[in-house]
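Student: I have a model open and would like to learn how to read it. Where do we start?

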Amino acid sequence: MASTPIPLATYSAGHHPSVLRSHAWRTAANSAAYLLPHLRPTMTILDIGCGPATITCDLATHVPSGHVTGIDTTEDIVATARGTASSRAVHNVTFETGDIMALKYADATFDVVHVHQVLQHVSDPVGALREMRRVTKPGGMVAARESDFEAMAWWPDVPGMKAWQQLYMRVARKSGGEPDAGRRVAAWAREAGFAKERVRSSAGTWCYSTEEEVRWWSEMWAERTVKSGFAGAAVEGGFVDEKGLEDVARVWREWGSKEDAWFVMVHGEVICSV
């Protein structure tokens, strides 16, 4: 077992409904496609930071004779995850609270240990990867997918969008995270003890281009900017006042109203062989 846990960074977005809607949109197909070809029916998987468990339950369908354990930091989130599994009649999953820095499992417990957009919120991502490796069986895999905010791209270039991006990154770093985790995750894996030849790197994207996708993405961020934990962190950190946040929300809605609106979020991905 791990020794004294290292605190997580503060999750600046919090768990406002606007944040949870974005988490619930995620699936194994759009957020873990790089991992799916490597799964086998009897595997055991640990999904750290499972959130509402939409990815977790999808992973469970890929290991029908195996089992998936999902963990997150609070009982409220875990309860939501259990509800997702129940509503989808997915039975080979269990959920519990846990800490990525001090996992409660014995060495070499799981075939696959997976995170999605978790290391970017951890103050010691290398230590987290070491702990993930510890509970992975020899011959198993540690899989991580992390976003890279500096690599985001959008069109049209509505004035104020770049300022939002830089604001988000400053708030994330003030909270102890690393918003450009995507470009760093392979290097973190090597620092955690994985040899270069045992780290397979790739990149994946989310792209929002249809009218429905653009409307959902822009409204989610507009609401998230003024109502989620991000708003409090941004104001308390001295980065912006409430009027400035309202201005950012208007920028998001202006971008979302454009006929040619297009947005892409880039992720770095690694599969590390144990």
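Tutor: With one helix and what lies over it; bear in mind that this is a predicted model. The cover on the buried residues of helix 4 includes helix 3 (54-62), strand 2 (67-72) and strand 3 (93-97).

Student: Which residues of helix 4 are buried?

Tutor: Buried means under 20% relative accessible area. In helix 4 that applies to Ile77, Val78, Ala81, Thr84 and Ala85. These residues lie on the same side of helix 4, because the arc they cover around the axis is only 115 degrees.

Student: And which residues are exposed on the other side of helix 4?

Tutor: Glu75, Asp76, Ser86 and Ser87 are exposed there.

Student: What span should helix 4 have, at 1.5 Å a residue?

Tutor: Helix 4 runs over residues 75-87, and its 13 residues should span 18 Å. The end C-alpha atoms are 18 Å apart, so the two values agree. Just after helix 4, Ala89 has a positive phi of about 55 degrees.

Student: Take one residue from that helix. What is Thr84 in contact with, beyond its neighbours within four places in sequence?

Tutor: Contact means heavy atoms within 4.5 Å. On that basis Thr84, which sits in helix 4, touches Pro52, Ala53, Thr54 and Cys57. Its relative accessibility is 14%, so Thr84 counts as buried.

Student: Cys57 is on that list. How many disulfides are found in the whole structure?

Tutor: A disulfide is a covalent bond between the sulfur atoms of two cysteines. The search of the whole structure finds zero. For Cys57, the nearest cysteine sulfur belongs to Cys50 and is 8.9 Å away, against a cut-off of 2.5 Å.

Student: Are Cys57 and Cys207 buried or partly exposed?

Tutor: Cys57 is buried, at a relative accessible area of 0%. Cys207 has 36% relative accessibility, so it counts as partly exposed.

Student: How do I read a contact between residues far apart in sequence?

Tutor: Compare the separation along the chain with the distance in space. Val185 and Gly268 are 83 residues apart along the chain, yet 6.7 Å separates their C-alpha atoms. Val185 belongs to helix 7 (residues 181-191) and is buried, with a relative accessible area of 1%. Beyond its neighbours within four places in sequence, Val185 contacts Leu119, Ala144, Glu146, Gly268, Glu269 and Val270.

Student: What share of the contacts with a separation of 6 or more joins residues 24 or more positions apart?

Tutor: In the protein chain, that share is 78%.

Student: Can we repeat the helix exercise elsewhere? Which residues of helix 9 are buried?

Tutor: In helix 9 (residues 229-236), they are Phe230, Ala231 and Ala234. Their arc around the axis is only 100 degrees, which puts them on the same side of helix 9. They pack against helix 6 (161-174), helix 8 (211-227) and helix 10 (242-256). Gly238, just after helix 9, takes a positive phi of about 80 degrees.

Student: Now the whole chain. How many helices and strands does it have?

Tutor: The protein chain has ten helices and seven strands. Its radius of gyration is 18 Å, close to the 19 Å that the globule rule gives for 274 residues, so the chain is as compact as a globular protein of that length. The C-alpha trace spans about 50 × 35 × 35 Å along its principal axes.

Student: What percentage of the 274 residues is buried?

Tutor: Buried residues make up 53%. The accessible surface of the chain is about 11800 Å², with 52% of it belonging to carbon and sulfur atoms.

Note on methods. Residues are numbered from 1 along each chain as its sequence is written. This is a predicted model: local features need pLDDT of at least 70, side-chain atom pairs count only at pLDDT 80 or more; totals for chains, interfaces and linings use all residues. Side-chain values use heavy atoms; hydrogens and water are left out. Helices (H or I, at least four residues) and strands (E, at least two) are DSSP runs, numbered from the N terminus. The expected span of a helix is 1.5 Å times one less than its number of residues. Buried means under 20% relative accessible area, exposed over 50%, partly exposed in between (1.4 Å probe, protein chains only). The arc is that of the directions from the helix axis to the C-beta atoms. The radius of gyration is taken over C-alpha atoms; the globule rule is 2.2 Å times the number of residues to the power 0.38. Accessible areas come from the Shrake-Rupley method with a 1.4 Å probe; for residues, only the protein chains shown count as cover.
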